[in-house]
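I opened this notebook page to record what I looked up, going from the cysteines to the strands, then to the helices and a few single residues. My notes follow the display below.

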Amino acid sequence: MKQRLQKTLSALPKVDRFLGDDKISTLLKKIDKPILLAIIQETLSAKRKELKRAIEKENPGGETVTVPTLDELVSVVAGRVAALLDDHLVPVVNATGTVLHTNLGRAPVEARLLRKAVTAAATYSNLEFDLTTGKRGSSYDHFQEIIRYVTGAEAAIAVNNNAAAVLLVLNTFCEGREAVVSRGELIEIGGSFRIPDVMSKGQATLREVGTTNKTHISDYENAINDNTGMLLKVHTSNYRILGFTCEVSLDELVALGKKRKVPVCFDLGSGSLVDLSEYGVGRELTVQQVIKAGVDVVTFSGDKLLGGPQAGIIIGKKKQIDKIKSNPLTRALRLDKMTIHALEQTFKKYLNIKSAVSSTPTLNMLTMKK
């Protein structure tokens, strides 16, 4: 079998024969030679493994293993090059019935907004430059003011997604300390990412309180100690616990945080700036309502109900947001210039809620009348 294998593999065309083929010469006009050589070598390697498996499984009297011709292998290489040159992220029709579908890119973004972001990114900009003073500026200045007015928060910052926002908040307030959270809110989001795992990466110690279906304010209070960094509430956006239940209200949690001088954080997940119950969609706390309740730090996504680019938005009390901004992790999680521009344009729409509902594709679909 060993001799049979060696003879079969030696019959495969060598790389130099590929380079003499006219189709390969045509491909060299599209991609550089080192890349094409890598594809040829990978194709040959895959075919060697295939032939080896076929010979090992070959039965006496069965079909003889056939070595592919140069033309056949060149066609395989050409196919791989074509696949490499194709656009892989392409528009699709969402016929699932789920408006915010994670696998289909979540919220579609208004085309006009994207065109303006691309224009801003195509040239130099004042990303971190203050045009008034002529000195170094902050990228946060482009969206902080408008987010503050729209949400009612004292200050704002944004990072590359909401999981990063939660990670940054936990690391800022709970590195080496405890984050107190209800057992009924230890959620798992898409891709099997779990809140306890995010907390662990943020160097926070999870302190579970209550039970799956019932958590009381006394559970939070009894858990607070000298090592408590934060009281964390997580919006259970992808499931509901019904029946014999008890959930601590925001007012109770905020009051406890003030009493014990422990910051309260609420991860809203999607986070809506519009009261969708007015459109018959269902009642959810809005970002503005959570801020009005006195929560210290609120996190939510930019690319879901907000209808903007992928981002994790962190808002709340200025004292807490300033502390988050000074965390070295902030730079590792910062936004790029296109996202910053798109985020600013997205929040501009929410200066007029009715206009935002009509112009934001996600909200337009959710509130559309039959």
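Entry 1, cysteines. I searched for disulfides and found zero in the structure, which I note with the reminder that the model is a predicted one. C265 is in no disulfide, and the nearest cysteine sulfur, that of C174, is 8.7 Å away, whereas a disulfide would need the two sulfur atoms within 2.5 Å. I then asked myself whether C265 is buried or exposed. C265 counts as buried, with a relative accessibility of 3%, while I noted C246 as partly exposed, at a relative accessible area of 29%.

Entry 2, the strand that holds C265. I went through strand β9, residues 264-269, and found that six of its six residues are buried, so the strand is largely enclosed by the rest of the structure. In a regular strand the side chains alternate between the two faces of the sheet. I therefore listed the two sides of β9 separately: V264, F266 and L268 are on one side, C265, D267 and G269 are on the other, and all of these are buried, so that both faces are covered.

Entry 3, neighbours of β9 in the sheet. Which strands pair with β9? I found that β8, residues 228-234, pairs with β9 in the parallel sense over four bridges, and that β9 is joined by four bridges to β10, residues 297-301, with which it runs parallel. C265 takes part on both sides, since I found L232 as its bridge partner in one direction and V297 of β10 as its bridge partner in the other. Following the chain onward from β9, I passed through helix α12, residues 287-292, before reaching β10, and this β-α-β crossover is right-handed.

Entry 4, residue Q320. I located Q320 in helix α13, residues 318-325, and noted that it counts as buried at 13% relative accessibility. Leaving out residues up to four places away in sequence, I listed F173, P263, D296 and V297 as the residues that Q320 touches; V297 is the β10 residue already entered above as the bridge partner of C265.

Entry 5, helix α4. I checked the span of this helix, residues 33-57, and found that its 25 residues reach 36 Å from the first C-alpha to the last, close to the 36 Å expected at 1.5 Å a residue. I wrote down its buried residues as L36, I39, I40, T43, L44, K47, L51 and I55. What covers them includes α1 (2-10), α2 (15-19), α3 (22-27) and α5 (70-85).

Entry 6, helix α6. Where do the buried residues of α6 fall when seen down its axis? For this helix, residues 111-121, I found L113, A117 and A121 to be buried. They fall within an arc of 70°, so they line one face of the helix. An α-helix has 3.6 residues a turn, so residues three or four places apart point the same way. On the face turned away from the buried side I noted the exposed residues R115 and T119, and I found α15 (337-349) among what covers the buried residues.

Entry 7, residue D219. I found D219 in helix α10, residues 217-223, where it counts as partly exposed at 22% relative accessibility. Setting aside neighbours within four places in sequence, I recorded contacts of D219 with V209, G210 and K214. I also noted that the C-alpha atoms of D219 and L253, which are 34 residues apart along the chain, are separated by 11 Å.

Terms used. Residues numbered from 1 in each chain as written. Predicted model: local features only at pLDDT ≥ 70, side-chain atom pairs only at ≥ 80, totals over all residues. Heavy atoms only, no water. Buried < 20%, exposed > 50% of the residue type's maximum accessible area, 1.4 Å probe, protein only. Pairing = 2+ DSSP bridges. Right-handed = clockwise from strand over helix to strand, strands pointing away. Expected span 1.5 Å × (residues − 1). Contact = heavy atoms within 4.5 Å. Arc of directions from axis to C-beta.
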